[in-house]
Amino acid sequence: MPRVYDNIINKLRFSRSADIEASIMLSVIIPTEGVEQTAVATLAALVPGAAAGVIKEVLLVDGTRNGVIERVADVAGCRFVGFEGSSQGAALAAGALQARAPWLMFLPAGAVLETGWIEETSQFIQAVATSGRDRAAVFRYARSPYADTGFRDMLRGVARKLVGPLGDQGLLIAREHYDRIGGYPPQARRSEAQLLRRLGRSSRTMLRSRIVMVG
């Protein structure tokens, strides 16, 4: 196995920290599409969250059956979830079904959360618990400075301004809230957009923390 996993396997072991309340713990769900490099990039960015005790588990969801992500999950100490189907919605729904923490964080493979996300997500979860109101959150999208800007990127930038956040901005949501609104529809096209639409602006928060796609 590549040595890039050496630090990950030692740090991505999900034990509860004494100063983190159980209600703050997250299941992080990452659909991978069988690609090793993007999965590892996202896992590496999650190491501080595991060390802080915020992350209970990471689930790598894959339906390609090529064995790559199953090996990555085994080395990194994550849970591997295989599923039937090829849609993003089916992958997200399969991961959510297996998740065990009271809060779910959905991230696309290749997404890197910038410094500060741990404190902000913890504060958001505590605020939701205090208010008693259902709220979910997405991260602020930031394009990688190393990425080439193509026509598709321009279209997605326009879409963010017109219709709001897209699926590549991740999602932070309480498990009970996710179940109440029906979760990701496995067979639907654009299931991420459908779920964000069901949440609506009134129950959706844009976090200050940025999410950068590196692959």
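**Charged pairs and buried sites**

Glutamate 57 counts as buried, because its relative accessibility is 2% and the cut-off for burial is under 20%. The model examined here is predicted. Side chains of opposite charge can pair when their charged atoms come close. Across the whole structure, a search finds 7 salt bridges. One of them joins glutamate 57 to arginine 79, with the closest N and O atoms 2.8 Å apart. This pair links distant parts of the chain. Glutamate 57 belongs to strand β2, residues 55–62, and arginine 79 to strand β3. The two residues are 22 apart in sequence. Unlike the buried glutamate 57, arginine 79 is partly exposed, with a relative accessible area of 22%.

A second salt bridge lies between glutamate 84 and arginine 65. Here the closest N and O atoms are 2.2 Å apart. Glutamate 84 sits in the loop between β3 and α4 (88–98), and arginine 65 in the loop between β2 and α3 (68–76), so the bridge ties together parts that are 19 residues apart in sequence. Both glutamate 84 and arginine 65 are exposed. For arginine 65, the assignment follows because relative accessibility is 64%, against a cut-off of over 50% for exposed residues.

The third pair considered is glutamate 114 with arginine 210. The distance between the closest N and O atoms is 2.7 Å. This bridge, too, links distant parts of the chain, its partners being 96 residues apart. Glutamate 114 is in the loop between β5 (111–113) and α5, whereas arginine 210 is in strand β8, residues 204–213. Neither end is buried: glutamate 114 is partly exposed at 28% relative accessibility, and arginine 210 is partly exposed at 39%. Salt bridges with shared partners also form a network, which consists of Glu57, Arg79 and Arg100.

What charged side chain lies opposite arginine 135, which is buried yet has no salt bridge? The nearest side chain of opposite charge is that of aspartate 134, 9.8 Å away. A salt bridge requires a separation within 4 Å. Arginine 135 lies in the loop between α5 (117–131) and β6 (136–143). Its side chain does have a polar contact with the backbone: a polar atom of the arginine 135 side chain lies 3.0 Å from the backbone oxygen of arginine 204.

Positive charge also gathers on the surface. Arg189, Arg190, Arg197 and Arg198 form a patch there. Arginine 197 is in helix α8, residues 191–199. At 60% relative accessibility, arginine 197 counts as exposed.

Backbone geometry was examined next. Most residues other than glycine have a negative phi. Glutamate 33 has a positive phi, near 60 degrees. Arginine 65, the partner of glutamate 84, likewise has a positive phi near 60 degrees. Glutamate 33 lies in the loop between β1 (26–31) and α2 (36–51), and arginine 65 in the loop between β2 and α3. With a relative accessible area of 61%, glutamate 33 is exposed.

Further C-alpha distances relate residues that are separated in sequence. Aspartate 62 is found in strand β2. This residue counts as buried, at 4% relative accessibility. The C-alpha atom of aspartate 62 is 6.1 Å from that of glycine 34, although the two are 28 residues apart along the chain. In strand β3 (residues 79–82), glycine 82 is partly exposed, with a relative accessible area of 48%. The C-alpha atoms of glycine 82 and leucine 60 are separated by 8.5 Å, and 22 residues separate the two along the chain. Threonine 121, in helix α5, is buried at 1% relative accessibility. Its C-alpha atom lies 9.8 Å from that of leucine 26, which is 95 residues away along the chain.

Notes. Residues are numbered from 1 along each chain as its sequence is written. This is a predicted model: local features need pLDDT of at least 70, side-chain atom pairs count only at pLDDT 80 or more; totals for chains, interfaces and linings use all residues. Side-chain values use heavy atoms; hydrogens and water are left out. Patches are made of residues with over 30% relative accessible area and no salt bridge: like charges are joined within 9 Å, nonpolar side chains (Val, Leu, Ile, Met, Phe, Trp, Tyr) within 5 Å. Accessible areas come from the Shrake-Rupley method with a 1.4 Å probe; for residues, only the protein chains shown count as cover. Lys and Arg count as positive and Asp and Glu as negative; His and the chain ends are not counted. The place of a charge is taken as NZ of Lys, CZ of Arg, CG of Asp or CD of Glu. Helices (H or I, at least four residues) and strands (E, at least two) are DSSP runs, numbered from the N terminus. Buried means under 20% relative accessible area, exposed over 50%, partly exposed in between (1.4 Å probe, protein chains only). A polar contact is a pair of N or O atoms within 3.5 Å; within protein, one must be able to donate a hydrogen and the other to accept it, and residues adjacent in sequence count only if both atoms are side-chain atoms.
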